[in-house]
Amino acid sequence: MSEQTVTPGAEVTPEETGAPVAPEAAVAPEKAEVPAAPVAPESAETPEAAEAAAAPVAPEAPFAPGPHPVPEGAPPLPDAPPVVAVAADAAPRPPRRVLRAVARWTAAALAFGVLGTGTAFGIASLERTDVPGLATEGDGRWDYPDLSLPALPAGSPRPFSSGNPAEIHHADLRGLLLPAPAGAKPDKKLTGGWISTETFLDAYREQDRRSVAQLLKDAAPRHIAARGWTMPDGTASRIYLVRFNSTAFASRMIDDLNVGSSAGTPLARTDTTDLDPAWGSADDIENLSSFVFTEQAPFGAEHVRQAYTLAGDTMALVVHERPGKRETARIPFQQTLILQNQLLA
């Protein structure tokens with residue numbers, strides 16, 4: 001075997017090498033050594049050799065182009081590009097104490113967030129008077145029980161429904177009386193049941209009772225029910241419900257008592273009584289009309305607030321009086337009147 005030196009870029013023919021033509025060989029950038037293939041003489045061909053030559057030839061591997069030849073005189077290329085060591089994370093790692101400080105502040109922020117949310121929820125669920133610094137004094141309202149309407153007779157409509165144009169109260173009148181609030185001392189005469197005409201007349205001054213009795217005789221009310229109580233501060237409350245045979249009789253009774261721009265026929269233990277400026281028509285409940293009055297100073301041994309309400313076939317009279325020189329509280333009186341009107345409506 002002989003060695004052949006191939007100059008890059010030079011053409012080599014079979015005549016010059018004396019070897020059979022082989023596929024194009026990859027030429028390395030440097031001097032490549034190509035071994036010369038041995039050539040058997042023609043006379044040495046045997047049947048076995050001919051049979052081997054006739055055997056199928058395995059396909060050659062696909063051609064892989066080599067690197068481009070380097071021009072003559074250029075510096076040799078390196079075998080592989082230099083490997084530069086690069087850190088996985090080029091950014092410098094923060095000091096461990098910085099990480100610990102961040103973790104502590106994050107935990108503190110979460111703790112304060114949870115605490116603040118819980119505090120806000122707790123305050124929102126409290127009544128205003130339960131929160132220190134936000135407590136306000138009560139406005140003097142009385143603690144009434146939950147209200148409910150009495151049952152109606154079978155097939156009877158409510159007083160102001162579309163099926164009741166006469167505005168008749170078919171429910172038991174006693175069941176329409178407002179119950180006494182918490183802490184009240186019941187009146188022994190006005191217990192929430194039926195009362196006589198004479199007991200109702202006690203609400204008026206003695207000198208006017210005869211004229212009022214005549215009005216009741218002419219109007220002929222069907223029923224009168226009443227309830228009374230006294231609160232710890234001395235305020236006495238009385239509610240009278242008078243039901244007539246029709247709305248016309250109830251309305252006429254209001255007119256005959258001269259109730260309207262004035263309180264009309266004076267009640268017992270009252271002097272000068274005028275319209276209460278704290279009550280307006282906007283405070284009335286639909287289908288009802290209320291006439292609200294308060295005793296003006298100087299008043300006598302008691303201060304009286306009173307109101308008449310016309311509710312269909314029923315007239316209501318609500319009275320609050322308080323002994324002494326202090327006025328009867330306005331808010332509990334209006335509260336009582338509104339709740340009673342709701343039951344009648």
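**Salt bridges, rings and a sheet in a predicted model**

Visitor: Glu321 first. Buried or exposed?

Guide: Glu321 is buried, at 9% relative accessible area. Buried means under 20%, exposed over 50% and partly exposed in between, with a 1.4 Å probe and protein chains only.

Visitor: What am I looking at, and how is it filtered?

Guide: This is a predicted model: local features need pLDDT of at least 70, side-chain atom pairs count only at pLDDT 80 or more, and totals for chains, interfaces and linings use all residues. Residues are numbered from 1 along each chain as its sequence is written, and side-chain values use heavy atoms, leaving out hydrogens and water.

Visitor: Which residue forms a salt bridge with Glu321?

Guide: Arg238 does, with the closest N and O atoms 3.5 Å apart. The pair ties together parts that are 83 residues apart in sequence, because Glu321 lies in strand 9 (residues 314-323) and Arg238 in strand 5 (residues 236-243). Arg238 is buried too, with a relative accessible area of 9%. A salt bridge here is a side-chain nitrogen of Lys or Arg within 4 Å of a carboxyl oxygen of Asp or Glu. Strands (E, at least two residues) and helices (H or I, at least four) are DSSP runs, numbered from the N terminus.

Visitor: Which residues make up the salt-bridge network?

Guide: Arg238, Arg269 and Glu321 are linked in it.

Visitor: How many salt bridges in the structure?

Guide: Nine. Among them is Asp256 with Arg252, again with the closest N and O atoms 3.5 Å apart. Both sit in helix 6 (residues 247-256), four residues apart, about one turn of the helix. Asp256 is partly exposed, at 32% relative accessibility.

Visitor: And Glu327? What does it bridge to?

Guide: Glu327 bridges to Arg305, with a closest N and O separation of 3.6 Å. That pair links distant parts of the chain, 22 residues apart: Glu327 is in the loop between strand 9 and helix 7 (330-344), Arg305 in strand 8 (residues 302-311). Glu327 is partly exposed at 43%, whereas Arg305 is buried at 6%.

Visitor: What about Glu302? What is its nearest side chain of opposite charge?

Guide: Arg269, at 4.6 Å; Glu302 is buried yet has no salt bridge. For charge, Lys and Arg count as positive, Asp and Glu as negative; His and the chain ends are not counted. Glu302 is in strand 8. Leaving aside neighbours within four places in sequence, Glu302 contacts Arg269, Glu295, Arg322, Pro323 and Gly324. Contact means heavy atoms within 4.5 Å.

Visitor: New topic. How many aromatic pairs?

Guide: Four, from a search of the whole structure. Trp142 and Tyr144 have ring centres 6.4 Å apart and planes at 45°, so that pair is tilted. Rings of Phe, Tyr and Trp (its six-membered ring) pair if their centres lie within 6.5 Å; planes under 30 degrees apart count as stacked, over 60 as edge-to-face and the rest as tilted. Trp142 is buried at 12%, and Tyr144 is buried at 10%.

Visitor: What geometry do Phe200 and Tyr240 have?

Guide: Phe200 and Tyr240 are edge-to-face, 5.4 Å centre to centre with 80° between the planes. Phe200 is in helix 4 (residues 197-201) and Tyr240 in strand 5, so the pair ties together parts 40 residues apart in sequence. Both are buried.

Visitor: Which residues form the ring cluster?

Guide: Ring pairs link Trp142, Tyr144 and Trp229.

Visitor: Now the sheet. What is the strand order?

Guide: Seven strands run 3-4-5-9-8-7-6 in an open, antiparallel sheet. Strand 3 (185-194) and strand 6 (273-275) stand at the edges with a single partner strand each, so one side of each is left without a neighbour in the sheet. The twist averages 15° from one strand to the next. Two strands pair if DSSP finds at least two bridges between them.

Visitor: How many bridges join strand 5 to strand 9?

Guide: Eight, and the two strands run antiparallel. Val242 stands opposite Met315 in strand 9.

Visitor: Which strands does helix 6 touch?

Guide: Helix 6 packs on the sheet against strand 7 (289-295), strand 8 and strand 9, its direction making about 150° with that of strand 8. Axes are lines fitted to C-alpha atoms, for helices over the stretch in contact, and angles run from 0 to 180 degrees between N-to-C directions.

Visitor: Last one. Where is Pro298, and is its bond from Ala297 cis or trans?

Guide: That peptide bond is cis, with omega near 0°. Pro298 is in the loop between strand 7 and strand 8.
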